Amino acid sequence: MSFAKSLRCRECHREYPLAAIHVCEFCFGPLEVAYDYDAIRRNTSRESIAAGPASLWRYRNLLPCDANAAVDIGAGFTPLIHAKNLGKALGLPRLYIKNDTVNPTWSFKDRVVAIASTRARELGYEKLACASTGNLANSVSAHAAAAGMDAVVFIPHDLEAGKVLGSSIYGPTLVKVRGNYDAVNRLCAELAGSYNWAFVNVNVRPYYSEGSKTLGFEIAEQLGWRAPDHCVVPIASGSLFVKIRKGLDELAKIGLIDPPRTRMSGAQATGCSPVAVAWEEGSMNFRPQRPNTIARSLAIGNPADGYYSLVQLRDTEGACGNVNDEEIVKGMTLLAETEGIFGETAAGVTVASLKQLAERGRISPDELTVAFITGAGFKTSEAVAEALRPPLEVEASMESFEQACEALQKAEVPA
Amino acid sequence: MALKRVRFTFPEEMIKEPVIHRMGHEFQVVTNIRMADVDEHTGWVVLEIEGDPGEIERSLAWAQSRGVRVDPVGGDIVEG
């Protein structure tokens, strides 16, 4: 069973049944799941959560679907690491990394798709669908396979081979759409409105986005049932950014942590930075952009939750990093070389933004800060390939090896 | 007849132009502004457009050719 009681418009607060709808018919505001928090409070304790499975389903009472019928491939409950080396490099001794690269399809999208696919099956859908440049496609394909559902996945025609393979291995109907970003977007918006499929981030979006709350639940539990002082989160649609904070607020609402005073900061790539630019200009109106960045998993030019991200930045006194492609690559290598975590380009955006915000005094060294690493680096290995040192190549002799080491040592000593 | 919901974003230089009014004159479509927010630098309007599907597409292409950005109301569908 679930304690979800209705869908509610975020703008006008009109209530709707728990169906596959995502937009208020009156004001076009987004619909969000509303819960019976009194009942959740009565039925949930730190101990009952700790006794649950080592996955996001340990927070079953705060999710909008029946965990007993979950589509469960093991998403969630990923490590939270005290990043001492990276923290030292950035002057942030209380820095933690939430490592979501270790999810079943190597990105945080497994959290949202676990919830969307479970709810879609409850609602009687037989087909899961999405339009994606990589991570979401992988996760929808995998969850559909595990759920015994069909998957229809739309991808841009120029997607890298590695990302295509990461979906096709699970056997979905994979559709390459010819055209630019806007054209793919337009077609998929039309398809989502025309077919009776569970389009995970469209008609079942209210449930889908609830999956991101589990990141907020987990960091609080892993910190010993307390909210961090500061979170740094990559912003694409903005949903992840907003829902992490909702997760912290909900834990406080049911009495498991003190009310959070967490500052929420964002991270965007300069080549797709509608939220960062609006924040820099002090505006609550973002201007949609045409994405042009190596961080394709963050390339949403017209973010659905862009406005709510700006509200959250303002209300929590957060800041928004805005970093270029070169900084993104440096961020990826810095994370790998200091913490042994190979994150994708979005991770590079987060780490480079951490650096930028720390240098500008936007993050205090005293703050317990959590940075969210949302996807694994092998998905975007081409982005860093050229920036990495090539291997030493030697003959099969001791002499050749030692010569190569000597040459390397000389090259590394500054003149 | 079809009904389409879109979001228009106006660049600064177009804020004073009556684009939606002209669109309704040039094409056989009925426009209905449902939400809007305009300041001196930028502005957006959520618009319902009713008419023949082909005429709606032609009217949107015309608006785009004038410099208006046209997007789905609920934000981008393609995700990472």
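**A buried phenylalanine, two domains and a shared core**

Phe77(A) counts as buried because 21 C-beta neighbours lie inside 10 Å; a residue is called buried if 20 or more other C-beta atoms lie within 10 Å of its own, exposed if 12 or fewer, and partly exposed in between, with C-beta atoms placed from the backbone. The model described here is a predicted one, in which local features need pLDDT of at least 70 and side-chain atom pairs count only at pLDDT 80 or more, while totals for chains, interfaces and linings use all residues. Residues are numbered from 1 along each chain as its sequence is written, and chains are lettered from A and ligands numbered from 1 in the order in which they are written.

Phe77(A) sits in the loop between α2 (46-50) and β4 (80-82) of chain A; helices (H or I, at least four residues) and strands (E, at least two) are DSSP runs, numbered from the N terminus. Although Phe77(A) is not a glycine, its phi is positive, near 50°. Trp225(A) also has a positive phi, of about 60°, without being a glycine. Trp225(A) belongs to the loop between α9 (213-222) and β10 of chain A, and it counts as partly exposed because 14 C-beta neighbours lie inside 10 Å.

Chain A is divided into domain 1 (80-106 + 211-387) and domain 2 (124-203), with bounds that come from an automatic or database domain assignment. The C-alpha centres of domain 1 and domain 2 of chain A are 25 Å apart. Where the two meet, 10 residues of domain 1 of chain A are in contact with 11 residues of domain 2 of chain A; contact here means that the C-beta atoms of two residues, placed from the backbone, lie within 7 Å. The side of domain 1 of chain A that touches domain 2 of chain A has three nonpolar, three polar and four charged residues. In these classes, Ala, Val, Leu, Ile, Met, Phe, Trp, Tyr, Cys and Pro count as nonpolar, Asp, Glu, Lys and Arg as charged, and the others, Gly among them, as polar.

A good place to start inside chain A is strand β11 (residues 263-269). Seven of the seven residues of β11(A) are buried, so the strand is largely enclosed by the rest of the structure. Both of its faces are covered, with Arg263(A), Ser265(A), Ala267(A) and Ala269(A) buried on one side and Met264(A), Gly266(A) and Gln268(A) buried on the other. In a regular strand the side chains alternate between the two faces of the sheet.

β11(A) has parallel partners. Strand β10 (residues 230-234) of chain A is joined to β11(A) by five bridges, and strand β12 (residues 320-323) of chain A pairs with β11(A) over four bridges; strands are said to pair if DSSP finds at least two bridges between them. Ala267(A) stands opposite Pro234(A) in the first of these pairings and opposite Gly321(A) of β12(A) in the other. Together with helix α10 (residues 239-253) of chain A, β10(A) and β11(A) make a right-handed β-α-β unit: with the strands pointing away from the viewer, the path from the first strand over the helix to the second runs clockwise.

Chain A also holds an open sheet of four strands in the order β8-β7-β6-β9, with parallel pairing. Its edge strands, β8 (173-177) and β9 (198-199), each pair on one side only. Two bridges join β6 (residues 127-131) of chain A to β9(A), and Leu128(A) stands opposite Ala198(A) there.

Ala198(A) reappears in the largest nonpolar core, which has 120 residues; Ala116(A), Val140(A), Ala198(A), Val200(A) and Val233(A) touch the most other members. Such a core is a set of buried Ala, Val, Leu, Ile, Met, Phe, Trp, Tyr and Cys residues joined through C-beta atoms within 7 Å. Its largest share, eight residues, comes from helix α14 (residues 345-359) of chain A, and each of the two domains of chain A supplies at least three residues. Beyond its neighbours within four places in sequence, Val233(A) is in contact with residues including Leu240(A), Ile244(A), Met264(A) and Phe372(A). A second, separate core of 12 residues includes Trp44(B), Leu47(B), Ile49(B) and Leu60(B).

Finally, the contact between the chains takes 32 residues from chain A and 19 residues from chain B. On the chain B side, β2 (29-38), β3 (43-51) and β4 (69-72) each supply at least two residues.
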